[in-house]
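Colleague: I should be grateful for a close look at a single part of this model, taken together with its surroundings. Please give the account as one connected answer, with the residues named so that I can follow them in the display.

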Amino acid sequence: MSSSPDWLALRKDFPILDQKVHGRPLVYLDNAATSQKPRAVIEALVRYYERDNANVHRGLHELSNRATNHFEAARARAAKFINAPSADEIIFTRGTTEGINLVAQTWGMKHLKPGDVILLTEMEHHSNMVPWQMIAERTGARVAYLPVTGDDGLLDLSQLDSLLTPQVKMLALVHISNSMGTVNPVEALCARARKKGITTLVDGAQSAGHLPVDVQAIGCDFFVFSGHKICGPTGIGILWGRQEILNSLPPYQGGGEMILTVGYDRAEFKQSPQRFEAGTPDISGPIGLHAAMDYLDAIGRDKIWKHDQELAGYAYEKLSAFKGIRLFGPKQDRAGLVSFLLQDVHAHDVVTLADRAGVALRGGHHCTQPLMHKLGVESTARASFYFYNTRAEVDVFIEVIGEIRKFFGQ
Ligand code: 7TS
């Protein structure tokens, strides 16, 4: 399929978008926080609960077999979605946050010792920062950061060599920044780390549903993302890790399903993925996520990416024309979001007034508080796009920002 998708027809797959908010047509530009769900995903969830609901992996009856088959088919689909070599390397989590916590607590407890360094970047989301700070505290390791150059939201790669010391054991970094829209050169960074024997984790929360992802091409050791940001349900995410690493790690939580045998004193554990999936999992989540991955790949993530970038580029260009506006993130090659501040107007006021006009934005530190501090701001306003957004919606957004400026006498 080389022709351009019919974006307006696709938009009709999302029932939620067809509504008014405060009397104005909803313009949903908070996709970096969570995406909306197409009918195909909603129907997959309903179908599962209406026909197949049973616990997985333990029943010998028909419904349990069906539920298990759907659940495991979703795992295989997730492997294909990111070109993982094996479905056994796919662990179902609650989301990106849980995936990173799982790696920090299992890999970190096994491999980190006093004096070791976990290298992050200054643009990490709190969920790729706090779990490492916590494990550093417990193991005596230390967290270090690859700096961001400034408002352009780029990594200062000139510092990399001096930061990649022999003490660095883990490089964990974000693929696409949720507050800046930066697309980081993860392949090159993982290759540099790998040469030095450093384990790598890539936070794909903002990338997995927006561009084609190939974990083998990226060359990382772990990759994490959330279902709810890629048209899937909330409460389900994916952690991919290399099989040899996963099977060498201690379990994350103990309980049913993750054991081979249990005695009163000790237990033996299964291999990945069951090793990391104690208890009854979220079953409908993977099934909904399966439908979401099918839906996105039927469109083509290469096309989604182009559409995202076009909308963000257009919005960035229009916003640049406003006098006194401060724009964050790279001028070129940005992902599908724009982060900005109007002169002397708090980001929360922008978001509240935009909401009155039906435009859903996000204002705040975007869970990148240290980066905001570094840039000398408390918060920014952010518009984040997805394939169901249109140029006409960007025009509404720009018009509304213009009205807000007038309201503040600008
Ligand atoms: N990493 C990045 C880069 C993110 O953008 C987010 C969520 C997370 C991790 C955490 O994902 P979760 O699904 O486990 O919560 N980002 C945002 C955001 O930008 N606005 O709300 C949530």
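**A buried cysteine, a helix and its surroundings**

Modeller: Cys190 is buried, with a relative accessible area of 1%. The model is a predicted one, and the values below are computed from it. The cysteines can be dealt with before the helix. A disulfide is a covalent bond between the sulfur atoms of two cysteines. Searching the whole structure gives zero disulfides. Cys190 accordingly takes part in none, and the nearest cysteine sulfur, which belongs to Cys220, lies 5.3 Å away. With disulfides counted at sulfur atoms within 2.5 Å, that separation of 5.3 Å does not qualify. Cys231 has a relative accessibility of 0% and therefore counts as buried. Cys367 has 26% relative accessibility, so this residue counts as partly exposed.

The part chosen for the close look is helix α10, which covers residues 284-299. Its 16 residues, at 1.5 Å a residue, should span 22 Å, and the C-alpha atoms at its ends are 23 Å apart, which agrees. Twelve of these 16 residues are buried, so the rest of the structure largely encloses α10. Towards the start of the helix, the buried residues include Ser284, Gly285, Pro286, Ile287, Gly288 and Leu289. Further along α10, Ala291, Ala292, Met293, Tyr295, Leu296 and Ile299 are buried as well.

Which elements cover these buried residues of α10? The cover includes the helices α1 (7-11), α2 (39-52), α3 (62-81) and α11 (301-320). The strands β4 (90-93) and β10 (237-241) also contribute to the cover.

Two of these neighbours can be described further as helix pairs with α10. Two packed helices are described by the angle between their axes and the distance between the axes. For α2 and α10, the axes are 8 Å apart and the packing angle is about 145°. The crossing of α2 past α10 is right-handed. On the α2 side, the contact is formed by Ala40, Val41, Ala44, Leu45, Tyr48 and Tyr49. These meet Ser284, Ile287, Gly288, Ala291, Ala292 and Tyr295 of α10. By class, the residues of this contact comprise ten nonpolar, two polar and no charged.

For α3 and α10, the axes come within 8 Å and cross at roughly 40°. This crossing of α3 past α10 is left-handed. From α3, the residues in contact are His70, Phe71, Ala73, Ala74, Arg77, Ala78 and Phe81. Their partners in α10 are Pro286, Ile287, His290, Met293, Asp294, Leu296 and Asp297. Nine nonpolar, two polar and three charged residues make up the contact of α3 with α10. Ile287 of α10 appears in the contact with α2 and also in the contact with α3.

The backbone on either side of the helix deserves mention. Pro273 belongs to the loop between β12 (267-269) and α10, and the peptide bond from Ser272 to Pro273 is cis, with omega near 5°. Just after α10, Gly300 adopts a positive phi of about 110°.

Positive phi values also occur elsewhere in the model, in residues other than glycine. Asp344 has phi near 60° and is placed in the loop between β14 (337-341) and α12 (347-356). With 78% relative accessibility, Asp344 counts as exposed. Cys367, already mentioned as partly exposed, has a positive phi of about 55°; its place is the loop between β16 (362-364) and α13 (369-374).

One of the covering helices, α1, leads to another helix of the model. Arg11 is part of α1 and, at 18% relative accessibility, counts as buried. Apart from neighbours within four places in sequence, its contacts are Leu17, Leu26, Tyr388, Asn389, Thr390 and Glu393. Glu393 is itself one of the buried residues of α14. Helix α14 comprises 17 residues (391-407), for which 1.5 Å a residue gives an expected span of 24 Å; the C-alpha atoms at its ends are 24 Å apart, which agrees. Other buried residues of α14 include Val394, Phe397, Ile398, Val400, Ile401, Gly402, Ile404 and Arg405. Just after α14, Gly409 has a positive phi of about 75°.

Technical notes
Residues are numbered from 1 along each chain as its sequence is written. This is a predicted model: local features need pLDDT of at least 70, side-chain atom pairs count only at pLDDT 80 or more; totals for chains, interfaces and linings use all residues. Side-chain values use heavy atoms; hydrogens and water are left out. Helices (H or I, at least four residues) and strands (E, at least two) are DSSP runs, numbered from the N terminus. The expected span of a helix is 1.5 Å times one less than its number of residues. Buried means under 20% relative accessible area, exposed over 50%, partly exposed in between (1.4 Å probe, protein chains only). Contact means heavy atoms within 4.5 Å. Axes are lines fitted to C-alpha atoms, for helices over the stretch in contact, and angles run from 0 to 180 degrees between N-to-C directions. A crossing is left-handed if the near helix is turned anticlockwise from the far one by less than a right angle, and right-handed if clockwise. Ala, Val, Leu, Ile, Met, Phe, Trp, Tyr, Cys and Pro count as nonpolar, Asp, Glu, Lys and Arg as charged, and the others, Gly among them, as polar.
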